[in-house]
Protein chains: 2
Amino acid sequence: MRRIKFSRQREAIKELLAESSHPTADEIYIKVREQFPNVSLGTVYRNLNVLSECGEIQKLTFPEGPDRFDCNVMPHYHFVCRSCGRVFDLHVRGLKLDMEDGTDGAELPGRIEAQALICYGTCNDCLADESQDIGA
Amino acid sequence: MRRIKFSRQREAIKELLAESSHPTADEIYIKVREQFPNVSLGTVYRNLNVLSECGEIQKLTFPEGPDRFDCNVMPHYHFVCRSCGRVFDLHVRGLKLDMEDGTDGAELPGRIEAQALICYGTCNDCLADESQDIGA
DNA sequence: TTTATAAACAGTAATCATTACTGTTATTAT
DNA sequence: ATAATAACAGTAATGATTACTGTTTATAAA
């Protein structure tokens, strides 16, 4: 059982995570370097993994681009804009899994312990831009 | 607009996809080599991308491991066993997104055009193994 | 309040999945 | 048949992430 020691770099990473929205490891790296010019990208990755293993943060994987990290560990889902690439929180009260019933293929393949839902679409900003383009 | 030409390799990839369950590019590569010993991994990737851009197949991204491919393009979701790593189809009739309402943060960030849901847990086989271990 | 320990570090090399490039082959429209 | 070019095999390059190595630093015990 490993004791986790305090580290200034990790504290900085936690603070930066709290004030940014779903940053990538590299985005965090760039910001941490303002406080610790010699910090290495490996340190950022190691600490992000330590924090997500502790359940202090959440790692998010998307089909496009690198993983992102979220300081919000409450169950919630994500919306990715296909146009601008931004990631938004989706405030969903709860997912209702309406399973198919029937004579076969009807049952769950196992015990569900966690869920990740990603919705893809066009964000409101990009929708507004689209309608402007049409008007112009 | 590019015209897609017939290719024997692509046909083989489609057939292999139809008879396997969520294979990775590498797993397909190994199988295609039985028919085309000189096929290259790049060819497999290129064709998988062509097919998923055409909507003939679906690309699946998971937090662990490489992408997987699915010949089932009907909307459906996936279950990943954390114990054995297998991926199962989830036969869900439809997701009910029960959005939070309130004075702010309540609205959708945009227009949802697609959804990907991954559930994580322990599959029935691994659950059975677990209870055997306890019994022994 | 030194000293031992091992976690964490910076820096760098290695890995893995995937894409891009290059010269050749095969499909298809003319 | 021939021309145009999609697709190919083979290989190099890329991007994200992890692993390694020798050093520094936080913490627990002497």
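In the predicted model, a phosphate oxygen of DNA strand C lies 2.3 Å from an N or O atom in the side chain of A:Thr43. A:Thr43 is located in helix α3 of chain A. With a relative accessible area of 14%, A:Thr43 is classed as buried, a value computed on the protein chains only. Apart from its neighbours within four places in sequence, A:Thr43 is in contact with A:Gln9 and A:Ile13.

Further polar contacts to the backbone of the strand were examined. A phosphate oxygen of DNA strand C is found 2.4 Å from an N or O atom in the side chain of B:Tyr45. At A:Asn38, the partner is a polar backbone atom, placed 3.0 Å from a phosphate oxygen of DNA strand C.

The surroundings of DNA strand C comprise 21 residues, of which A:Ser7, A:Arg10, A:Thr43, A:Arg46 and B:Tyr45 are the closest. Three helices each contribute at least two residues to the surface near this strand: α1 (8-18) and α3 (41-53) of chain A, and α3 (41-54) of chain B. By residue class, the surface near DNA strand C consists of eight charged, seven polar and six nonpolar residues. On the side of the nucleic acid, sugar or phosphate accounts for 80% of the atoms of DNA strand C within 4 Å of the protein, and bases account for the rest.

Helix α2 of chain A, spanning residues 25-35, was analysed for its packing. Its buried residues are A:Ala25, A:Ile28, A:Tyr29 and A:Val32. Viewed down the axis of α2(A), these buried residues fall within an arc of 105 degrees and therefore line one face of the helix. Among the elements that cover the buried residues of α2(A) are α1, α3 and β2 (68-70) of chain A.

The cysteines were considered last. A disulfide is a covalent bond between the sulfur atoms of two cysteines. Over all chains, a search of the whole structure returns zero disulfides. The cysteine sulfur closest to that of B:Cys81 belongs to B:Cys84 and is 3.6 Å away, which is too far for a bond, because a disulfide requires a pair of cysteine sulfur atoms within 2.5 Å. B:Cys84 accordingly takes part in no disulfide, its nearest cysteine sulfur being that of B:Cys81. In accessibility, B:Cys81 counts as buried, at 1% relative accessibility, whereas B:Cys84 counts as partly exposed, at 36%.

Definitions and conventions. Residues numbered from 1 in each chain as written. Chains lettered and ligands numbered in written order. Predicted model: local features only at pLDDT ≥ 70, side-chain atom pairs only at ≥ 80, totals over all residues. Heavy atoms only, no water. Near = heavy atom within 4 Å. Polar contact = N/O pair within 3.5 Å; in protein donor to acceptor, adjacent residues only side chain to side chain. Helix = DSSP H or I, 4+ residues; strand = E, 2+ residues; numbered from the N terminus. Nonpolar A, V, L, I, M, F, W, Y, C, P; charged D, E, K, R; others polar. Buried < 20%, exposed > 50% of the residue type's maximum accessible area, 1.4 Å probe, protein only. Arc of directions from axis to C-beta. Contact = heavy atoms within 4.5 Å.
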